[in-house]
Amino acid sequence: MKAIVILISGRGSNMEALLAAVVRGELPVRIAAVISNRPDAKGLETAAAQGLPTAVVDHKGYAGREAFDAALAACIDGYAPDLVVLAGFMRILTEDFVRHYEGRLLNIHPSLLPSFPGLHTHQRALEEGVRIHGCTVHFVTPALDHGPVVVQAAVPVLDSDDEAALAARVLQQEHIVYPLAVRWFAEGRLRLEGGRVRLDAERPQPPALISP
Ligand code: GRF
């Protein structure tokens with residue numbers, strides 16, 4: 001069974017969704033560790049309460065990104081994971097770090113990339129007046145919130161939405177597609193080849209989403 005390490009910085013709801021999928025027997029991976037760059041991340045408590053190994057590599061203890069990323073990589077590699085899963089990990093990673101995990105580093109971003117990379121994606125989507133918003137799981141490349149797309153989920157933007165309502169609708173989808181993408185990887189159906197996603201899996205074929 002493949003081992004994964006999950007990196008978090010805060011709430012950790014995507015980490016919980018992955019763990020729940022493992023517990024339900026829907027995700028054939030061993031969660032080797034949950035690592036946070038913030039000692040006060042709520043997700044760390046959740047992980048520890050569920051009996052998962054946890055670790056903290058506090059970015060404040062390092063002079064720069066290179067030193068932090070080297071310490072983080074050493075911590076991760078101590079668990080020898082097949083896949084590293086960024087789940088609300090709020091640090092920009094150095095090129096060396098990203099290259100070290102090429103093809104085995106996934107991220108989830110709360111927008112339909114390449115729209116709205118960076119922060120405050122839901123507020124920006126509302127300000128732009130887009131009618132469809134969503135989330136993206138992608139392999140990580142050195143460019144921030146960029147990289148070969150594995151799976152996306154789209155939701156309608158409603159006239160009544162505020163940032164919180166839209167974020168909640170997107171987050172529900174995040175909790176579905178992230179375990180799906182990790183399962184594909186764990187089953188050897190998903191890989192990065194020459195910078196492109198190769199996916200050998202049955203794909204849901206929903207009708208087009210038209211909004212409004
Ligand atoms: C999610 O919206 C994720 O897409 C983004 O940060 C948020 C993390 O939420 N990268 P959580 O910590 O998984 O609850």
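Helices and strands on this tour are DSSP runs, with at least four residues for a helix and at least two for a strand, and they are numbered from the N terminus. The model on screen is a predicted one.

**The whole chain**

Begin with the protein chain in cartoon view, where six helices and nine strands can be picked out. Its radius of gyration is 17 Å, close to the 17 Å that the globule rule gives for 212 residues, so the chain is as compact as a globular protein of that length. If you turn the C-alpha trace along its principal axes, the spans to expect are about 50 × 35 × 35 Å.

**The ligand and its shell**

Next, select the ligand, which occupies the space of the largest pocket. Then show the residues around the ligand, namely Arg11, Gly12, Ser13, Asn14, Gly88, Ile108, His109, Pro110 and Glu174. By class, this shell divides into two nonpolar, five polar and two charged residues. Colouring by secondary structure is helpful at this point, since helix 1 (13-23) and strand 5 (105-109) each supply at least two residues of the shell.

**Polar atoms facing the ligand**

With the shell still displayed, go to serine 13, where an N or O atom of the side chain is 2.5 Å from an oxygen atom of the ligand. Move on to glutamate 174, whose side chain likewise places an N or O atom 2.7 Å from an oxygen atom of the ligand. At isoleucine 108 the partner belongs to the backbone, with a polar atom there 3.1 Å from a nitrogen atom of the ligand. Taken on its own, the ligand has 370 Å² of accessible area, and the protein covers 87% of that.

**Backbone geometry to inspect**

The remaining stops concern the backbone. Most residues other than glycine have a negative phi, and most peptide bonds are trans. Select alanine 80, in the loop between helix 3 (65-77) and strand 4 (83-86), and check its phi, which is near 45 degrees and thus a positive value in a residue other than glycine.

Continue to proline 114, found in the loop between strand 5 and helix 5 (121-128); the peptide bond that leads to proline 114 from leucine 113 is cis, with omega near 10 degrees.

Finish at proline 212, in the segment after strand 9 (196-199), where a cis peptide bond joins serine 211 and proline 212 with omega at about 5 degrees.

How values were computed
Residues are numbered from 1 along each chain as its sequence is written. This is a predicted model: local features need pLDDT of at least 70, side-chain atom pairs count only at pLDDT 80 or more; totals for chains, interfaces and linings use all residues. Side-chain values use heavy atoms; hydrogens and water are left out. A residue is near a molecule or strand if one of its heavy atoms lies within 4 Å of it. A polar contact is a pair of N or O atoms within 3.5 Å; within protein, one must be able to donate a hydrogen and the other to accept it, and residues adjacent in sequence count only if both atoms are side-chain atoms. Accessible areas come from the Shrake-Rupley method with a 1.4 Å probe; for residues, only the protein chains shown count as cover. On a 1 Å grid over the protein atoms alone, a cavity is a set of points where a 1.4 Å probe fits but cannot get out, and a pocket is an open set with protein on both sides within 12 Å along at least five of seven lines; lining residues have an atom within 4 Å of a point. A molecule sits in a cavity or pocket if more than half of its atoms lie within 2 Å of its grid points. Ala, Val, Leu, Ile, Met, Phe, Trp, Tyr, Cys and Pro count as nonpolar, Asp, Glu, Lys and Arg as charged, and the others, Gly among them, as polar. The radius of gyration is taken over C-alpha atoms; the globule rule is 2.2 Å times the number of residues to the power 0.38.
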